[in-house]
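I set out to read this structure link by link and to keep a short record of each step. The entries are written for a reader who has not met it before.

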Amino acid sequence: MGGAGGMGGAGGMGGEGGMGGAGGMGGEGGMGGEGGMGGMPGPCGDVATLEPAFEAVGDDAWRMEAEVLPGDGAAVGSCAGNGAEVAIPFVAEAAGVYTFSTHDAPTAFDTVLYVRTTCDDAEAELACNDDLGSLRSGLFVELEADQLVYVFVDAFGGGVGPFGLTALRADAHAPPTLEGGVALDGAGQINLRVRGSDPNGDVTSLIIEILVDGQMPFEQPVDLRRPVFGQRDFTAVANPFPGVEGGLSVRVRAVDSQGNESAPIEVPIAPQPEVVEGEACDPDGVDNRCDPDTFCVVDGDAGVCREPSAPEIVDGMFWSDGADLTGVIEGRDATRDTFFARAQLLSADGPIEGAVGQLFPIQDVFGQAEFTALIREGGLLPPEAVGIRVWLVDDRGLESEPADFEFEDLPQDDDGAACDPLRIRDRCADESACLAGICVAQVAPAIDTAEAFFNAANGGLGIRVTGRDANRDAALVQLRLLDADGTDLLADGDGNPAVIGFQELDLDGDQFDGRFSGFLPLDFPAFVTAEVTVIDAFGLSSDAVDADLRMPAAIELGDACDLASAFDICPDGSACTADEADPDASCRVATPPAIVEATAYYNADVFGLGFRVEGTDAEDNVVGFRLELLDADGAVLPVGPDGGSVDVQFDTVEQAMGAFSATFVGFLPGDFPPFTQARISALDATGLASEPVVLPIMDPPVIEEGAACDFLQVLARCDDGLLCIDAPDGGAPVCAAPAAECPADWQTGVLNDHPADGGTFSVDGDTSDALILEGGSCGGGAGQDVWAFTAPAAGAWTMRTVIADNADTVLYVRSFCGLPQTELACNDDAGSLASAVTVELEAGETVYIFVDGFAFFDAWRGPYTLVVEPAPQP
């Protein structure tokens with residue numbers, strides 16, 4: 001079932017996030033109309049059905065190739081799939097776990113896979129997957145012998161074309177096996193390829209260890225250069241990773257989508273040969289590498305080292321639609337590495353100053369010798385723009401000769417006319433949309449009935465809406481929960497209402513019936529009105545309707561039920577649960593959780609309160625805990641909004657096979673009274689509570705270098721001189737003593753070498769050729785100059801830019817150059833497009849000042865003056 005959706009919202013005590021996160025989208029409604037595939041009529045209604053389809057390609061392995069043609073999206077999966085689709089019947093030859101995948105060639109579009117036991121019944125879905133390691137899809141279903149299911153190959157959006165679909169059967173979710181491999185060191189980068197097999201065909205990554213004299217300096221996961229999902233016998237190529245001085249071999253394990261790991265194999269590291277221009281090269285970059293003056297040009301399965309050559313623009317056309325830009329560029333590139341287009345907007349008088357940027361094709365053209373690059377950019381064009389100058393740019397930075405194009409007005413098509421689904425060459429008139437290649441009038445949905453079910457015991461909220469929608473594309477619910485004063489309790493900080501997706505959506509002609517259930521935070525304020533609006537795939541909204549507020553209906557032991565216990569509630573002594581053996585949720589005998597071990601921490605420096613809790617729960621549905629804080633006399637302090645206790649969600653919960661492990665971090669007000677103990681009870685999703693335990697309040701443990709740490713410094717604090725930073729291999733954060741200085745390849749200057757009058761410092765710089773590193777918290781990302789500054793005296797220092805009229809800087813300051821989390825201040829515009837910040841520094845303290853540019857289509861780069869001076873005294 002995947003669990004009930006979460007409503008988000010604010011956590012108790014200032015904790016991070018609400019229970020369960022954002023509600024799932026549940027996919028968008030189908031568009032209706034007649035099936036556009038021309039497939040055989042059958043039990044799938046408007047969905048084209050292909051049969052016979054699968055052919056055996058080995059023991060317990062089947063494969064088919066077919067094509068999804070432009071047509072109506074008559075079906076949708078719970079995870080996505082609002083484009084055209086086809087259904088393929090499949091009969092299981094024997095009981096087991098079946099893997100279905102579109103990763104096999106020649107799949108040419110962004111697929112969605114889902115499997116149903118009844119073709120035209122969305123509630124009969126067994127599994128659904130949108131993306132698994134790429135824009136292709138893969139999923140598992142457990143089937144009985146001779147069981148009939150329908151495998152849907154759907155399109156995420158408007159994509160259509162050929163696809164390959166594989167099916168594999170295994171007795172269970174077995175781990176993969178590795179058989180051998182090769183590891184070659186090329187200029188300090190390890191290039192690894194391994195061979196293996198997996199009964200389920202679901203290998204997703206590798207775990208590697210580099211061995212030095214039998215020791216393992218580190219262990220890290222490595223992503224694959226291309227997915228091998230759906231392949232029972234696979235050759236996996238890892239993305240290159242840094243070597244270690246003295247490294248002798250690589251120990252490798254393969255990992256599948258279920259977390260199963262293979263037994264390790266050890267692969268010796270050898271030098272990687274280098275080949276020269278005109279010689280064959282390995283397209284995977286493992287067996288050899290091209291010399292620095294050439295690179296491996298790949299054509300199919302072969303590669304040849306070639307000198308870089310620039311791409312060429314053959315033809316093209318661009319259209320304008322108000323401020324929106326679309327275009328088509330026909331091009332060719334002998335070295336097959338065209339990446340994007342550089343663009344300059346033109347007025348009738350020539351180039352528009354500052355209107356330069358990059359255009360990325362909406363479909364990748366990399367690897368193609370001849371190609372059509374499709375361009376779409378919204379809200380880009382100023383009124384004076386009449387044309388565009390473009391250069392194609394390849395992966396080596398080489399550019400084509402420029403080509404100028406005058407804008408033509410984007411043609412608009414009337415209802416019933418053929419249209420471009422990608423909206424590149426034309427678009428439908430206002431109030432219409434291109435559906436299955438035909439312009440169709442957009443009609444907003446209308447609500448007939450709306451109901452809101454609320455279970456105050458566990459925060460379960462359910463929404464059910466019925467209504468009419470001629471376009472059959474009702475997709476989302478805008479939900480406002482209003483208190484007695486009319487305040488929307490779900491609105492974000494900017495006042496925007498919450499928008500959630502239907503988890504279940506039944507379509508019958510132009511009628512729809514949609515449901516969503518999830519959890520509100522356990523301390524969510526009382527609301528008196530639930531206001532519901534239905535939004536369709538075009539963004540059109542129904543009129544808002546006040547939902548009838550209802551209590552969950554009482555049901556019996558064994559009845560089907562709602563996992564959030566919002567629409568219905570199981571009898572005392574039972575809970576709504578599901579498991580792998582019986583995935584349909586039903587009321588089953590339940591027991592309260594029990595706390596086995598727990599620890600409470602308080603960091604007075606940040607007013608942070610944290611808990612680690614371990615325990616047992618037979619139903620694996622622990623969600624939070626009830627908290628009381630006690631003073632030295634044992635009196636309960638008022639921590640909750642309504643008194644002494646508060647119910648809050650755990651930030652993290654890991655639970656399986658009757659055991660759970662959970663953590664929570666929250667923050668108390670700075671003036672909260674002193675407390676010495678915490679009393680907590682674990683809570684499950686049905687409202688059952690464990691026996692309370694009383695915990696002494698402890699200081700966060702101080703941990704050493706290399707240990708896993710807590711960014712918030714509540715559950716654990718790094719020892720003096722260490723910082724909690726992301727691990728170098730991208731893993732969990734660890735305590736480390738990072739270098740304050742910038743990396744050697746960053747463009748770093750010393751501002752103290754440029755003194756000016758009156759104890760100030762001033763330097764002229766230019767970011768035109770600066771490296772693009774990373775932006776600040778307030779913006780940037782156009783290219784950065786970095787200046788080290790050491791304060792000659794303690795006090796407040798102001799850093800500011802002086803710029804020309806067409807410049808737009810962003811300024812930020814860090815105490816550790818390479819660590820964004822050590823940012824002290826950031827400013828984009830300080831009363832103008834120049835920037836200024838003020839920071840307090842100790843005498844001799846060094847900080848790093850980043851001069852960046854505002855980064856959008858016309859990302860700014862150019863000359864500036866950086867001035868640092870003592871801040872004016874109040």
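The entries below deal with disulfides, salt bridges and a patch of surface charge.

**Entry 1: the model**

I noted at the outset that this is a predicted model. I kept this in mind for each of the entries that follow.

**Entry 2: disulfides**

I first asked how many disulfides the count comes to. The count comes to nine disulfides. I recalled that a disulfide is a covalent bond between the sulfur atoms of two cysteines. I then looked up three of the pairs.

*Cys79 and Cys128.* I found a disulfide joining Cys79 to Cys128, with an S to S distance of 2.0 Å. Its torsion about the S-S bond is -70°, and the link is left-handed. I located Cys79 in the loop between β4 (61-68) and β5 (85-91), and Cys128 in strand β8. The pair links distant parts of the chain, 49 residues apart. I next checked accessibility. Cys79 has a relative accessible area of 28% and is therefore partly exposed. Cys128, at 21% relative accessibility, also counts as partly exposed.

*Cys561 and Cys576.* I read a distance of 2.1 Å between the sulfur atoms of Cys561 and Cys576, which form a disulfide. The torsion about their S-S bond is about 95°, so this disulfide is right-handed. Cys561 sits in the loop between β44 (553-554) and β45 (568-569), whereas Cys576 belongs to strand β46 (residues 574-577). The two cysteines are 15 residues apart, and the pair links distant parts of the chain. Are these two cysteines, Cys561 and Cys576, buried or exposed? Cys561 has a relative accessible area of 12% and is buried. Cys576 has a relative accessibility of 6%, so I entered Cys576 as buried too. The cut-off behind both entries is that buried means under 20% relative accessible area.

*Cys778 and Cys826.* I found another disulfide between Cys778 and Cys826, whose sulfur atoms are 2.0 Å apart. Its S-S torsion is about -75°, so the disulfide is left-handed. Cys778 lies in the loop between β62 (761-766) and β63 (785-790) and Cys826 in strand β66 (residues 823-827), so the pair ties together parts that are 48 residues apart in sequence. Cys778 is partly exposed, with a relative accessible area of 32%. Cys826 is partly exposed as well, with a relative accessible area of 21%.

**Entry 3: salt bridges**

I then turned to the charged side chains and asked how many salt bridges the count comes to. The count comes to 25 salt bridges. I followed three of them.

*Arg289 and Glu274.* The side chains of Arg289 and Glu274 meet in a salt bridge, at 3.6 Å from N to O. I placed Arg289 in strand β21 (residues 289-290) and Glu274 in strand β20 (residues 274-275), 15 residues apart. Arg289 has a relative accessible area of 26% and is partly exposed. Glu274, with a relative accessible area of 43%, is partly exposed.

*Asp321 and Arg423.* Asp321 forms a salt bridge with Arg423, and their closest N and O atoms are 3.6 Å apart. Asp321 lies in strand β24 (residues 312-321) and Arg423 in the loop between β31 (412-413) and β32 (427-428), so parts 102 residues apart in sequence are tied together. Asp321 has 17% relative accessibility and therefore counts as buried, whereas Arg423 is partly exposed at 41%.

*Arg468 and Asp448.* Here I read 2.9 Å from N to O for the salt bridge between the side chains of Arg468 and Asp448. Arg468 is in strand β36 (residues 460-468) and Asp448 in strand β35 (residues 446-455), 20 residues apart. Arg468 counts as partly exposed at 37% relative accessibility. Asp448 is partly exposed, with a relative accessible area of 42%. I also recorded that salt bridges sharing partners join Asp321, Arg423, Arg427 and Asp430 into one network.

**Entry 4: surface charge**

Last, I asked which residues gather in a patch of negative charge on the surface. They are Asp120, Asp121, Glu123, Asp506, Asp508 and Asp510. I followed Glu123, whose place is in the loop between β7 (111-116) and β8 (125-129). Glu123 has 53% relative accessibility, so I entered Glu123 as exposed.

Note on methods: Residues are numbered from 1 along each chain as its sequence is written. This is a predicted model: local features need pLDDT of at least 70, side-chain atom pairs count only at pLDDT 80 or more; totals for chains, interfaces and linings use all residues. Side-chain values use heavy atoms; hydrogens and water are left out. Patches are made of residues with over 30% relative accessible area and no salt bridge: like charges are joined within 9 Å, nonpolar side chains (Val, Leu, Ile, Met, Phe, Trp, Tyr) within 5 Å. Accessible areas come from the Shrake-Rupley method with a 1.4 Å probe; for residues, only the protein chains shown count as cover. A salt bridge is a side-chain nitrogen of Lys or Arg within 4 Å of a carboxyl oxygen of Asp or Glu. Lys and Arg count as positive and Asp and Glu as negative; His and the chain ends are not counted. The place of a charge is taken as NZ of Lys, CZ of Arg, CG of Asp or CD of Glu. Helices (H or I, at least four residues) and strands (E, at least two) are DSSP runs, numbered from the N terminus. Buried means under 20% relative accessible area, exposed over 50%, partly exposed in between (1.4 Å probe, protein chains only). A disulfide is a pair of cysteine sulfur atoms within 2.5 Å.
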